Amino acid sequence: MTHILNADLHCHSVVSDGTLTPEVLAQRAKDNGVELWALTDHDEIGGQARAMAAARAVGLPYLTGAEISVTFAGTTVHIVGLGMDPEHPALVQGLRATRGGREQRAREMSADLARVGIPGVYEGALKYVDNPELISRTHFARYLVEAGVCRDTNEVFRKFITEGKPGFVPHRWATLGDAVNWITQSGGMAVIAHPGRYKLTPNEEFALFTEFKAHGGQGVEVVTGAHGPADYVKYADFCREFGLVGSRGSDFHSPEESHTDLGKLPDLPGSVTPVWDVLQSRIH
Ligand code: AMP
Ligand code: MN
Ligand code: MN
Ligand code: MN
């Protein structure tokens with residue numbers, strides 16, 4: 001495939017914390033000129049069959065995907081998997097286990113918010129949840145906007161449900177090694193999602209890339225909705241330094257909330273080998 005390709009290999013549907021169905025996303029991707037697409041719901045492959053069928057129906061090449069929540073250096077890091085067999089038992093069981101603690105965490109988040117005078121947030125958030133196994137902080141944010149506590153979801157994440165703020169409950173997700181192994185055992189490629197977003201020290205970030213590589217990880221998102229030009233340069237350099245290929249994805253969640261729409265991203269820097277060069281045989 002060509003180096004310059006409108007690939008969008010990171011987005012979310014109602015199967016996790018997006019607001020559109022896999023079918024509507026496929027059509028939107030096609031309409032926006034996307035040439036290779038992957039749906040990467042959080043900790044969940046339940047939307048993959050629908051996304052693949054919808055992509056085929058609109059003539060859009062497709063890679064399977066998921067975004068796995070990982071605990072690393074005391075913080076949450078996301079690892080995107082691309083091109084897996086979504087029925088592989090190691091992947092299915094690993095993701096099920098990763099989803100497992102969300103319900104309890106949500107109840108504790110709600111109890112903590114009640115302590116600062118905001119009651120009923122668990123019940124309110126549930127109205128926004130499609131997949132009962134995937135209650136996310138994003139659903140809490142949508143309800144807190146509806147309840148008039150904040151003007152928009154960005155304000156919620158500034159004032160609540162993040163480290164040090166009311167409603168935040170620390171959570172232990174998958175280990176880095178497990179997440180990379182589930183992806184590679186099921187035939188896929190592991191990719192570090194939006195590295196520019198993490199609050200890691202330079203030493204911790206070096207450890208993340210070194211350990212990721214040692215576990216068999218192969219890629220990193222260079223161009224993504226949360227990155228700016230300085231990040232494109234920095235992570236293109238990391239590709240060379242660590243021998244990784246580069247990915248590109250909007251991390252689109254919702255027309256109302258996301259500032260980067262499907263396929264509306266700068267091209268991958270010319271120095272970076274694109275993930276789609278390595279994943280050719282996995283494209284549907
Ligand atoms: P969870 O997996 O339940 O911890 O929720 C994480 C999700 O919350 C992310 O995937 C984003 O969709 C959303 N999120 C996290 N931090 C922010 C933020 N600062 N602003 C907007 N959305 C955020
Ligand atoms: Mn999300
Ligand atoms: Mn993420
Ligand atoms: Mn994401």
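Domain bounds here come from an automatic or database domain assignment, and they are the frame for this tour of a predicted model.

**Stop 1: the two domains.** Begin by colouring residues 7-89 together with 175-282 as domain 1, and residues 102-159 as domain 2, which is how the chain is divided. If you place a centroid on the C-alpha atoms of each, the centres of domain 1 and domain 2 lie 26 Å apart. Next, select the residues at the contact, to which domain 1 gives 12 residues and domain 2 gives 9 residues.

**Stop 2: the interface.** Between them, domain 1 and domain 2 bury about 800 Å², with 39% of that area on carbon and sulfur atoms. On the domain 1 side, show Val14, Asp17 and Glu257 as sticks, since these residues lose the most area to domain 2 and together account for 51% of what that side buries. Keep Glu257 in view and add Arg142, for the side chains of Arg142 and Glu257 meet in a salt bridge with an N to O distance of 2.7 Å. The count of salt bridges between the two domains is 2, and 7 residue pairs are found in polar contact across the interface, with both residues of a pair at pLDDT 80 or more.

**Stop 3: the manganese site.** Now centre on the manganese ion (ligand 4), which is coordinated by His10 (NE2), His12 (NE2), Glu67 (OE) and Asp251 (OD) at 2.1 to 2.2 Å. Along the sequence, the donor residues of this ion follow the spacing H-x1-H-x54-E-x183-D. Glu67 belongs to strand β3 (residues 65-72), while Asp251 sits in the loop between β7 (245-249) and α11 (275-278), so the pair ties together parts that are 184 residues apart in sequence. Are Glu67 and Asp251 buried or exposed? Glu67 is buried, with a relative accessible area of 1%, and Asp251 is buried as well, at 12%. Before leaving, display the manganese ion (ligand 2), which is 4.6 Å from the manganese ion (ligand 4).

**Stop 4: Ser186.** Finally, select Ser186, in the loop between α8 (176-185) and β5 (189-192). Ser186 is buried, with a relative accessible area of 3%. Which residues surround Ser186, leaving aside its neighbours within four places in sequence? Those in contact with Ser186 are Gly83, Met84, Asp85, His88, Leu91 and Arg282. To finish, draw a distance from the side chain of Ser186 to the backbone oxygen of Ile183, which lies 3.0 Å from a polar atom of that side chain.

How values were computed. Residues are numbered from 1 along each chain as its sequence is written. Chains are lettered from A and ligands numbered from 1 in the order in which they are written. This is a predicted model: local features need pLDDT of at least 70, side-chain atom pairs count only at pLDDT 80 or more; totals for chains, interfaces and linings use all residues. Side-chain values use heavy atoms; hydrogens and water are left out. Donors are N, O and S atoms within 2.8 Å of the metal (3.2 Å for Na, K and Ca); water is not among the atoms, so sites may look incomplete. Helices (H or I, at least four residues) and strands (E, at least two) are DSSP runs, numbered from the N terminus. Buried means under 20% relative accessible area, exposed over 50%, partly exposed in between (1.4 Å probe, protein chains only). Contact means heavy atoms within 4.5 Å. Buried area is the accessible area (1.4 Å probe) that two parts lose on being put together, summed over both. A salt bridge is a side-chain nitrogen of Lys or Arg within 4 Å of a carboxyl oxygen of Asp or Glu. A polar contact is a pair of N or O atoms within 3.5 Å; within protein, one must be able to donate a hydrogen and the other to accept it, and residues adjacent in sequence count only if both atoms are side-chain atoms.
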